[in-house]
Amino acid sequence: MDKILLKQALFYGSYLAFPCLAWLAWRLRRPGRRWFTACVLAAGLVFVWARFVEPQMIRVRETTLPGTGAEADIALISDIHLGIYKDSRFLHRLVERINDLPVDAVVIAGDLTYEPQARPQCSREPDPRQAQQCALEVLFAPLSRVRVPVLAVLGNHDQQAPGPDIDQALRAALGHHGVKIIEGKLLTTAAGYRWAGLGDRWAGKDDPAFLAAAPSSLPTFVVAHNPDSAMDLDPASTRLLLAGHTHGGQIRIPGLYRRVIPSAHGFDRGEQFASTPRGRIRVFTTSGVGEIGLPMRLFNPPTIDVLHLRP
């Protein structure tokens, strides 16, 4: 609870930046050391952009991926992180933007939450688990309005790494809104390709053995939260891995952001190829749309990746 209170204090305390900027602007009118005041003011304006403006932007980035063996248009999002920093109002805007896109399906590559708290309208539930599920149903209600199928896997923030573990309540809440959780499952589409889902790597739930047990000539697209899951895949059974987790560094300061990316194998964002013991795996990692740690983004706005899969 102390960590949650600290994050909330950081989130709301950052509004103090506005009176501080006003004071600095007033100081510029006074003689002496104006250059120093101007530099501090400029840094403050960058902070305000990274804290209040860029995290609320929604960018659509289109990428054509030839050689996939299928023809489809997919909206890939990840790391929504509803909870301390973002709520259903942002998700509503995200869904509206997705519904304007000519896509066949939406794929959510995990980390839908960031320590969400129970809402007052759910506090009368006699069972704490029911109250948790109720709160998550309210939080994710906008997903029920997505006009195309929504497929998802969960991430480390949904499965107690670092926590809290809301796995079962979140699955039930998402199912209530028509989202299909595909972890450990294969889903064959009418368009002639398959989806497969892996659980979170940090939670030890990304074993791809079920893929080897169900060989097929159809192109198989694997969805995982952590792009490092590519290292255990077989190129013979995986045409493409879609993932999130890295946030693209979130605060993308050149020369520094790579130090905070949580990948053991150098994944960043966009299309990359992983050299695994079994061969090369094609990976596409999205930058995500939410924030953790600091409620900020810089040079890296929330992104919907529209992937044009082509034969």
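Here are four worked exercises on the pockets, cores and aromatic rings of a predicted model.

Residues are numbered from 1 along each chain as its sequence is written, and side-chain values use heavy atoms, with hydrogens and water left out. Local features need pLDDT of at least 70 and side-chain atom pairs count only at pLDDT 80 or more, while totals for chains, interfaces and linings use all residues.

**Exercise 1. Describe the largest pocket: its volume, its lining and the elements behind it.**

Step 1: set the terms. On a 1 Å grid over the protein atoms alone, a pocket is an open set of points with protein on both sides within 12 Å along at least five of seven lines, a cavity is a set where a 1.4 Å probe fits but cannot get out, and lining residues have an atom within 4 Å of a point. Points are joined across faces, edges and corners, and a volume is the space filled by probe spheres set on them.

Step 2: take the volume, which is about 690 Å³ for the largest pocket. Its lining has 29 residues, and Gly83, Ile84, Tyr85, Lys86 and Asp87 are the closest to its centre.

Step 3: find the elements (DSSP runs numbered from the N terminus; helices are H or I with at least four residues, strands E with at least two). Helix H1 (2–13), helix H3 (34–53), helix H4 (88–99) and H5 each give two or more residues to this lining. H5 has the largest share, six residues.

Step 4: sort the lining of the largest pocket by class: 17 nonpolar, five polar and seven charged.

**Exercise 2. Find the cavity and name its lining.**

Step 1: search the whole structure; one cavity of 30 Å³ or more turns up. The space in the largest cavity is about 30 Å³.

Step 2: list the lining of this cavity, which consists of Phe11, Arg51, Pro55, Gln56, Tyr85, Lys86, Glu291 and Pro295. By class, that gives four nonpolar, one polar and three charged residues.

**Exercise 3. Place Leu139 and Phe140 in their surroundings.**

Step 1: locate Leu139, which belongs to helix H5 (residues 128–139). Leu139 has a relative accessible area of 6%, so it is buried (under 20%; exposed is over 50%, partly exposed in between, with a 1.4 Å probe and protein chains only).

Step 2: collect contacts (heavy atoms within 4.5 Å). Beyond four places in sequence, Leu139 touches Leu82, Asp87, Ser88, Leu91, Pro116 and Arg119. Pro116 is 23 residues away in sequence, with a C-alpha to C-alpha distance of 8.7 Å.

Step 3: do likewise for Phe140, whose contacts beyond four places are Leu82, Leu91, Leu112, Thr113, Leu170, Leu174 and His177.

Step 4: look for Phe140 in the largest nonpolar core (buried Ala, Val, Leu, Ile, Met, Phe, Trp, Tyr and Cys residues joined through side-chain atoms within 4.5 Å). Of its 34 residues, Phe140 is one of those that touch the most other members, together with Val106, Ile108, Leu143, Leu174 and Ile304. H4 supplies the largest share of this core, five residues.

**Exercise 4. Classify the ring pair of Tyr193 and Trp195.**

Step 1: apply the rule. Rings of Phe, Tyr and Trp (its six-membered ring) pair if their centres lie within 6.5 Å; planes under 30 degrees apart are stacked, over 60 edge-to-face and the rest tilted. Nine aromatic pairs result.

Step 2: read off the geometry: Tyr193 and Trp195 are 5.9 Å apart centre to centre, with 80° between the planes, an edge-to-face pair.

Step 3: check burial. Tyr193 is buried at 5% relative accessible area, and Trp195 is buried at 2%.

Note on methods:
Ala, Val, Leu, Ile, Met, Phe, Trp, Tyr, Cys and Pro count as nonpolar, Asp, Glu, Lys and Arg as charged, and the others, Gly among them, as polar.
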